[in-house]
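Please open the structure in your viewer and keep the selection panel at hand. The stops below are meant to be visited in order, each with a selection to make and a description of what is found there.

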Amino acid sequence: MLHPDRLLPAEPTTRDIARRLYRSTKALPLVCPHGHYDPAALAADRWLVDPATELVTRDHYLLRLLYSQGVPMESLGVGPSDRAEVDGRTVWRELSRHYHLFRGTPSKLWLDHTLSEVVGVAEPLGPGTADAVYDAVCRRLADEDFRPRAFLDRCGVQFLATTDGAIDRLESHAALRTSDWGGRVVPTFRPDDVVDPDRAGFREHVATLGELTGADTSTWRGYLEALRMRRACFVAAGATATDHGHPSALTCDLSDREAAELFGRVVAGRRRPEDAEHFRGQMLVEMAAMSMDDGLVLQLHTGSWRDHNPALAARFGPDMGADIPRHAEYVHALKPLLDRFGNEPGLTVVLYTLDESTYGRELAPLAGHYPALRLGPPWWFYDSPEGMRRYYRQVTETAGFANTVGFNDDARSLLSIPARHDVARRVNAGFLAELVAEHRLTEDDATDLAADLAHRLAAQTFMRRGW
Ligand SMILES: [Zn+2]
């Protein structure tokens with residue numbers, strides 16, 4: 001069903017080089033430092049939901065395009081109360097009926113790879129095969145060797161980080177640690193709910209943070225202490241990174257008194273219009289300061305206008321495919337953070353953007369200079385074949401490969417992890433093969449770099465030594 005040379009260059013000489021480079025990385029272990037899988041499924045070691053929920057309802061890439069073509073969200077299993085209103089087979093049929101909409105998109109590349117190479121379905125998905133494919137997927141997921149842990153082992157997943165809120169009790173991670181499974185699954189500290197005053201329930205979450213830690217989160221000092229304590233719990237659970245989903249990359253370095261006053265206003269609900277943005281900016285610098293102590297890598301995902309469609313958000317909640325890239329700026333925004341920590345080789349700040357125009361103008365020059373900065377891989381709309389190619393062309397000449405951190409699958413489902421890494425490894429091979437064909441790189445160096453991009457850079461950045 002899938003062509004063995006898919007995504008490799010069309011020109012025969014370059015394609016031959018790319019085939020060799022791809023083959024050299026195809027079987028390398030998978031490092032997955034950022035994704036949105038449910039740790040409860042791993043703790044229970046069974047698929048907790050129907051395959052249609054796993055592969056369709058949770059995939060906001062599929063939801064957004066189907067919605068844009070008039071497919072109702074309800075028919076894709078998205079209910080106003082976040083409960084599937086329709087059964088999995090009906091959702092699957094709806095996707096199959098509209099699968100032609102995904103021709104030429106990465107969503108189709110990923111799903112075709114998952115169905116054909118991972119699950120082993122023999123027929124292509126379409127309106128006439130919906131039921132047969134659905135039944136085949138259901139049968140495979142019931143197999144012993146398809147239980148989540150066995151599946152990750154078989155796919156060669158060496159390290160996997162989930163994304164977890166600051167007030168998450170990490171019960172699934174605790175269960176995983178005490179299980180006899182050797183898989184490396186760790187949480188990531190994502191404190192948006194307690195550091196972003198614009199988030200729904202911010203003040204309640206700060207209060208919960210206090211209850212959870214015993215610190216007095218009504219004071220600035222107690223609030224910072226509570227965050228330090230939660231980070232320590234995450235480190236104890238194996239976390240190696242924090243992650244921050246801010247609208248902008250603004251950072252602020254206020255005096256202790258100013259910061260305490262700002263905190264007092266946001267936590268009492270007396271905030272001024274600019275307070276939320278300044279508080280998020282201050283918290284990035286506080287998080288960097290804490291990373292200097294506990295060694296967590298700081299990841300910053302910026303440039304998304306979340307829930308751009310208020311009617312959709314009101315009915316179905318967040319993460320429904322209505323997030324849109326916005327203009328982003330880094331050179332001014334990061335200055336306060338870089339003035340304090342930019343020269344620290346012991347700190348790693350990884351930048352991700354949804355504004356591609358900043359790759360060459362801002363991000364590559366910044367990461368190509370400051371020892372504390374690294375560039376995250378192309379993210380979200382851009383972890384696609386064309387998105388990755390644009391990224392390499394704009395970034396690597398200035399930042400080199402060593403200031404990047406390898407690949408993130410950002411997957412919603414464990415089942416889609418192998419597809420995402422495979423697409424990335426093919427695109428990497430194609431890009432490096434071009435440099436070899438133009439004699440800008442020897443094939444030996446390209447082979448070495450292909451292994452860096454597929455495995456080593458992510459492992460060095462996100463896995464603790466000894467793993
Ligand atoms: Zn993500």
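A charge sits over a ring if NZ of Lys or CZ of Arg is within 6 Å of the ring centre and within 35 degrees of the ring normal. With that criterion in mind, and remembering throughout that this is a predicted model, begin by selecting Arg154 and Phe146: the charged end of Arg154 sits over the ring of Phe146, at 4.8 Å from the centre of that ring. Then move to Arg420 and Trp110, where the charged end of Arg420 sits over the ring of Trp110, 3.7 Å from its centre.

**The zinc site**

Select the zinc ion next, together with His34, His36 and Asp410. Which atoms coordinate the zinc ion? The donors are NE2 of His34, NE2 of His36 and OD of Asp410, at 2.0 to 2.2 Å. Read along the sequence, these donor residues follow the spacing H-x1-H-x373-D. If you colour the chain by secondary structure, you will find His34 in the loop between strand E1 (30-32) and helix H2 (39-44), while Asp410 is in the loop between helix H18 (385-399) and helix H19 (417-437), so that this pair links distant parts of the chain, 376 residues apart. Are these two ends of the link buried or exposed? His34 counts as buried because its relative accessibility is 2%, and Asp410, with a relative accessible area of 6%, is buried too.

**The aromatic cluster**

A search of the whole structure finds 21 aromatic pairs. For a look at some of the rings, select Phe202, Trp220, Tyr223, Phe263 and Phe279, which form one aromatic cluster. A pair of aromatic rings is described by the distance of the centres and the angle of the planes. Starting with Trp220 and Phe279, you should find the ring centres 6.3 Å apart and the planes at 65 degrees; angles over 60 degrees count as edge-to-face, and the pair is therefore edge-to-face. Trp220 lies in helix H12 (residues 220-236) and Phe279 in helix H14 (residues 275-294), so the contact ties together parts that are 59 residues apart in sequence. Trp220 counts as buried at 6% relative accessibility, and Phe279 likewise counts as buried, at 0%.

Keep Phe279 selected and replace Trp220 with Tyr223: here the ring centres are 6.0 Å apart and the planes make an angle of 40 degrees, so the pair is tilted. Since Tyr223 lies in H12 and Phe279 in H14, this pair ties together parts that are 56 residues apart in sequence. Both Tyr223 and Phe279 are buried.

**A helix crossing**

From H14, extend the selection to helix H13 (residues 256-268): H13 and H14 pack with their axes 10 Å apart, at an angle of about 130 degrees. The two helices are therefore oblique to each other, and the crossing of H13 and H14 is left-handed.

**Two backbone positions**

Most residues other than glycine have a negative phi. Select Leu170, where phi is near 60 degrees, a positive value in a residue other than glycine. Leu170 lies in the loop between strand E3 (164-165) and helix H9 (171-178), and counts as buried because its relative accessibility is 7%.

Finish at Trp380, whose phi is near 65 degrees, again a positive value in a residue other than glycine. Where along the chain is Trp380 found? Trp380 belongs to the loop between strand E11 (373-375) and H18, and at 7% relative accessibility Trp380 counts as buried.

Definitions and conventions: Residues are numbered from 1 along each chain as its sequence is written. This is a predicted model: local features need pLDDT of at least 70, side-chain atom pairs count only at pLDDT 80 or more; totals for chains, interfaces and linings use all residues. Side-chain values use heavy atoms; hydrogens and water are left out. Donors are N, O and S atoms within 2.8 Å of the metal (3.2 Å for Na, K and Ca); water is not among the atoms, so sites may look incomplete. Helices (H or I, at least four residues) and strands (E, at least two) are DSSP runs, numbered from the N terminus. Buried means under 20% relative accessible area, exposed over 50%, partly exposed in between (1.4 Å probe, protein chains only). Rings of Phe, Tyr and Trp (its six-membered ring) pair if their centres lie within 6.5 Å; planes under 30 degrees apart count as stacked, over 60 as edge-to-face and the rest as tilted. Axes are lines fitted to C-alpha atoms, for helices over the stretch in contact, and angles run from 0 to 180 degrees between N-to-C directions. Angles under 35 degrees count as roughly parallel, over 145 as roughly antiparallel, 65 to 115 as roughly perpendicular and the rest as oblique. A crossing is left-handed if the near helix is turned anticlockwise from the far one by less than a right angle, and right-handed if clockwise.
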